[in-house]
Amino acid sequence: MTESRTGIALRELYWNTLVLGSHYPEEFKSGRFRSAPNDQFPMDIVIGLDKVANVYKVVIDADDSFTPSRVTIRVGKGELDTLVNYKNARIAKYQKPVSLEFHRRERSASRLESKHAFTDAIGQYIWITIDKPIPLSQNPHGQVEIRKLTVLGYPLSDEMVRQMEPEIEEIHADEPVKQVPEHNSRPSSKRNVKVERHSYEGDGMSMKEETNLSGDPLTSVRTIRRVLEQKMEKANFDGKTIQATVCLRAIQRIDEYEARIEDLATRRSKALEVGDLNMAERHRLAMIDCRDTVFRAVHVDLLLDRDELRAIGVQSEWAD
């Protein structure tokens, strides 16, 4: 279990297998599975949680010799008060996918590292798509092995779910499918994925670049994070559980994007050192893009008041 600094803890969420490619779901009960030599890829796995939860991240441990080239993860939310089963999983609404890329292990590495998919989404279904394995001499039959699957997050009450509807890019798993052994049908590999845009206009929110603070994406996200931490602590003290949870989710999302911005800042510095001004500018714009994306994703203009937004150069039609 991972515990946050503010006392709200992430926990391991328990799940049941609903779909396991062309295999019986019971084969994945322990969280470990190796495909058969004649299995086809991509392979779909669908698991269901005990109840609706905020799925913060999914951790995949792959085998060193039977490593997939990529694993794609989507979190889906179905209707409340319905059974968690394959039929309802097919008509659930799925968030945009998070992809994990695997690569050949270096000889100096003792074992393959775990991959973390930061989903940060509300739902009771997780749709995992496993791509073909990395070609290795130790894997002549082209198999894939998942050594462990861990889901981390925290369960939500029905009231919290109704008041914390996330922005979802819907991907329906309701295409006609080929029937496989009983209780083991799998979603179609065909997906109608919407193209993701990282910058938006006309949504009532804009950043003013003339202020020093808004001009530095890293400083902006760190400042917003500190303000949200203070708001969450006050909400916890006042017993406002829903407000505190919304702030926590925003902080978690900001943490993810802060790491991306730090990486881009490092790359930008290296590009400047070698005199590659075009690449440095691309990294600078990507940093701004990350900042704007996370601010909109967490609805920062609804979480903060007008004065707090003005301090970082944010203008919003919706701020109090």
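These are my notebook entries on two residues of one strand, a cavity and an annotated helical span.

**Entry 1: the model.** I am working with a predicted model, so what I write down here describes a prediction.

**Entry 2: Asn-54.** I started in strand S4, which runs over residues 43–62 and includes Asn-54. Is Asn-54 buried or exposed? Its relative accessible area comes out at 0%, so I noted Asn-54 as buried, the cut-off being under 20%. Next I looked for a polar partner of the side chain, and found the side chain of Tyr-154 at 2.9 Å. I then listed the contacts of Asn-54, skipping neighbours within four places in sequence. Leu-152, Gly-153, Tyr-154 and Leu-156 are among them, as are Asp-120, Ala-121 and Ile-122. Leu-13 is also on the list, together with Arg-249 and Gln-252.

**Entry 3: Lys-57.** I stayed in strand S4, where Lys-57 also sits. I had to check this lysine with care: its relative accessible area is 14%, and because the cut-off for buried is under 20%, Lys-57 counts as buried. Which side chain does the Lys-57 side chain meet in a polar contact? I found that of His-116, at 3.2 Å. Leaving out residues up to four places away in sequence, Lys-57 touches His-116, Ala-117, Phe-118 and Thr-119, and also Thr-150, Val-151 and Leu-152. I looked up one of these pairs by distance: Lys-57 and Thr-150 are 93 residues apart in sequence, yet their C-alpha atoms lie 8.5 Å apart.

**Entry 4: the cavity.** I turned to empty space inside the model. How many cavities of 30 Å³ or more does the structure hold? I counted one, and the largest cavity has about 40 Å³ of space. I wrote down its lining as Phe-28, Ile-45, Ile-60, Ile-128, Ile-130, Ile-146 and Leu-149. Sorted by type, the lining gives seven nonpolar residues, with no polar and no charged ones. I also asked which strands supply the lining: S4, S8 (115–130) and S9 (145–155) each bring at least two residues. Strand S4, home of Asn-54 and Lys-57, thus turns up here again.

**Entry 5: the annotated span.** Last, I opened the UniProt record, an unreviewed entry, which annotates residues 247–274 as a "coiled-coil region". What does the model show for residues 247–274? I found 96% helix and 0% strand, with the end C-alpha atoms 41 Å apart. Going back to my Asn-54 list, I see Arg-249 and Gln-252 there as contacts, and the annotation covers 247–274. A pleasing place to close the page.

Methods:
Residues numbered from 1 in each chain as written. Predicted model: local features only at pLDDT ≥ 70, side-chain atom pairs only at ≥ 80, totals over all residues. Heavy atoms only, no water. UniProt positions renumbered as here; feature names shortened; annotations may be inferred. Helix = DSSP H or I, 4+ residues; strand = E, 2+ residues; numbered from the N terminus. Buried < 20%, exposed > 50% of the residue type's maximum accessible area, 1.4 Å probe, protein only. Polar contact = N/O pair within 3.5 Å; in protein donor to acceptor, adjacent residues only side chain to side chain. Contact = heavy atoms within 4.5 Å. 1 Å grid on protein atoms, 1.4 Å probe; cavity = no way out; pocket = protein on both sides within 12 Å on 5 of 7 lines; lining within 4 Å. Points joined across faces, edges and corners; volume = space filled by probe spheres on them. Nonpolar A, V, L, I, M, F, W, Y, C, P; charged D, E, K, R; others polar.
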